[in-house]
Every structure is written in C-alpha cells, then in structure tokens.
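Please look over the sequence and the 3D structure shown here before reading the report.

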Amino acid sequence: MPSALFIGRRRAITDVKNRVGAISAQNINIVGHRRSGKSSLLRYVRECSEKIFQPEHNPIIVSLDLQRKKFHTPQGIIEGLRRGITKRLEREPWQYNDNEDPYEIDDALSEIKASFYRLIIMLDEFEKLGPHLEKFQDWGDDWRAKASEGLLTLMIASKRPLSEVYDNIGLTSPFSNIFSTTI
C-alpha cells in the first residue's frame with residue numbers, strides 16, 4: 001500500500017510516533033493478524049519519516065523483511081543492516097569483512113550515534129526466525145544490549161507479542177522486555 005493511501009490508522013501512527021519518534025526512542029513491537037497492515041505501517045514510517053521524527057533525529061531507517069531467505073542468518077541480517085546504513089550515509093559504516101567482528105560493528109554503531117543519527121531497524125515477519133533458531137543463539141541478548149545502549153531502535157512486526165514468539169520458538173532471552181507493544 002503506498003504511503004499516500006495509508007489512512008484511518010491514526011492511533012497506530014500516533015503510537016509509533018510517541019515511541020520511536022520521542023525524544024528518547026523506545027523499541028516497539030507491532031502486533032496484528034496476517035494482512036492487518038503491519039508491513040504497511042512499517043512502510044509508512046519509512047516513506048513518511050518527516051511525519052514521525054523531528055529533523056534533529058536525523059533517522060537512518062533500515063527495513064529488513066525476514067521472509068527473505070538472505071535474512072535467515074545473523075550474518076544476513078548484519079549485512080542487510082550494513083547495506084541499509086551505507087545507502088543512507090553514502091559510505092560504509094564497516095567493511096563487509098568485518099561483519100563477524102562484534103567490536104567493529106559496535107564501534108560503527110557508536111560512531112553513528114555520536115554523529116547524531118537515530119538508527120531505526122525494522123524487522124518484519126519476526127516469526128520467520130523460528131525455523132532457523134539454532135543460528136540465532138545469543139542474538140537477542142546482543143541486540144537487546146545494543147538497543148539498551150541507544151545504538152539502535154527496533155520496530156518489530158509480528159503476529160503475536162514477542163514474549164509469546166520467543167516462548168513458542170524456544171528462546172529464553174529477556175529480549176522482549178525492552179519493547180512496548182502496539183496492536
């Protein structure tokens with residue numbers, strides 16, 4: 001759905017604006033049934049960021065659809081993140097060869113934050129990680145730490161609240177407790 005046609009969702013838009021567009025950004029879990037508009041809401045935020053963020057937020061929005069096979073590994077997600085940031089900054093935040101170096105990635109994310117950018121990472125269809133669970137051990141803890149440090153803000157779209165998603169796919173990370181939920 002083109003953002004110009006995205007109407008009648010004032011509450012959802014306001015919830016997002018009040019969380020990710022606030023002075024201190026909050027992570028948000030967008031929950032809804034299949035075909036209820038979660039992906040459209042993410043697209044709206046990406047395409048109409050000037051309606052969500054203040055100019056001083058200087059958002060870098062990276063949108064990853066976890067239905068796509070290339071994002072079925074942590075390495076794929078990191079590469080998608082690297083490419084999304086590169087597209088916005090027109091320079092690489094870290095080199096491809098450093099995708100598996102957590103120090104390089106954290107240093108790059110810290111530099112982005114210090115340069116007064118707000119990094120927003122949208123993960124659509126979060127449940128798609130379930131079949132690839134063995135590849136994602138400790139991933140939630142790492143990203144929770146990054147979000148807690150303010151290095152990034154997460155917008156995750158899922159059919160069920162993240163706490164239920166984590167329980168159903170066998171994860172025990174406290175990752176879900178950093179999110180507010182919008183249904």
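The report below goes from the overall make-up to one helix pair, an aromatic cluster and several single residues.

## Overall make-up

This is a predicted model, and in it the secondary structure of the protein comes to six helices and five strands. Read from the N terminus, these elements follow one another in the order α-β-α-β-α-α-β-α-β-α-β.

Of the 183 residues in the protein, 51% are buried. Among the contacts in the protein whose partners have a separation of 6 or more, 71% are between residues 24 or more positions apart.

## Packing of helix 1 against helix 2

Two packed helices are described by the angle between their axes and the distance between the axes. For helix 1, which covers residues 10-20, and helix 2, which covers residues 38-47, the angle is about 55 degrees and the axes are 11 Å apart. That angle makes helix 1 oblique to helix 2, because an angle counts as oblique when it falls outside the ranges for roughly parallel, roughly perpendicular and roughly antiparallel.

Helix 1 passes helix 2 in a right-handed crossing. On the side of helix 1 the contact is made by Ala 12, Ile 13 and Val 16, while helix 2 contributes Leu 41, Tyr 44 and Val 45. Sorted by character, the residues of this contact between helix 1 and helix 2 comprise six nonpolar, no polar and no charged.

## Arg 43 in helix 2

Arg 43 also lies in helix 2. With 24% relative accessibility, Arg 43 counts as partly exposed, because that class takes in values between the cut-offs of 20% for buried and 50% for exposed. Arg 43 and Ser 63 are 20 residues apart in sequence, and their C-alpha atoms are 8.4 Å apart in space.

## Aromatic residues

The structure holds two aromatic pairs. Ring pairs join Phe 126, Trp 139 and Trp 143 into a cluster.

## Two buried helix residues

Leu 89 lies in helix 3, which spans residues 74-89, and with a relative accessible area of 14% Leu 89 is buried. When neighbours within four places in sequence are left aside, Leu 89 is in contact with Ile 60, Ile 112 and Tyr 117. As for Tyr 117, this residue and Leu 89 are 28 residues apart in sequence and 10.0 Å apart in space, taken from C-alpha to C-alpha.

Lys 146 is found in helix 5, made up of residues 139-148, and what is its status, buried or exposed? At 4% relative accessibility, Lys 146 counts as buried, since the limit for that class is under 20%. Not counting residues up to four places away in sequence, Lys 146 touches Ile 105, Asp 106, Leu 109, Leu 151 and Leu 152. The C-alpha atoms of Lys 146 and Asp 106 are separated by 7.9 Å, although the two residues are 40 residues apart along the chain.

## Loop residues with positive phi

Most residues other than glycine have a negative phi. Asn 58, which is not a glycine, nevertheless has a positive phi of about 45 degrees. Asn 58 lies in the loop between helix 2 and strand 2, the strand being residues 59-65, and with a relative accessible area of 25% Asn 58 is partly exposed.

Phe 116 is likewise a residue other than glycine with a positive phi, here near 65 degrees. The place of Phe 116 is in the loop that runs between helix 4 (102-114) and strand 3 (118-124). With 64% relative accessibility Phe 116 counts as exposed, because its value is over the 50% cut-off.

Notes: Residues are numbered from 1 along each chain as its sequence is written. This is a predicted model: local features need pLDDT of at least 70, side-chain atom pairs count only at pLDDT 80 or more; totals for chains, interfaces and linings use all residues. Side-chain values use heavy atoms; hydrogens and water are left out. Axes are lines fitted to C-alpha atoms, for helices over the stretch in contact, and angles run from 0 to 180 degrees between N-to-C directions. Helices (H or I, at least four residues) and strands (E, at least two) are DSSP runs, numbered from the N terminus. Angles under 35 degrees count as roughly parallel, over 145 as roughly antiparallel, 65 to 115 as roughly perpendicular and the rest as oblique. A crossing is left-handed if the near helix is turned anticlockwise from the far one by less than a right angle, and right-handed if clockwise. Contact means heavy atoms within 4.5 Å. Ala, Val, Leu, Ile, Met, Phe, Trp, Tyr, Cys and Pro count as nonpolar, Asp, Glu, Lys and Arg as charged, and the others, Gly among them, as polar. Rings of Phe, Tyr and Trp (its six-membered ring) pair if their centres lie within 6.5 Å; planes under 30 degrees apart count as stacked, over 60 as edge-to-face and the rest as tilted. Buried means under 20% relative accessible area, exposed over 50%, partly exposed in between (1.4 Å probe, protein chains only).
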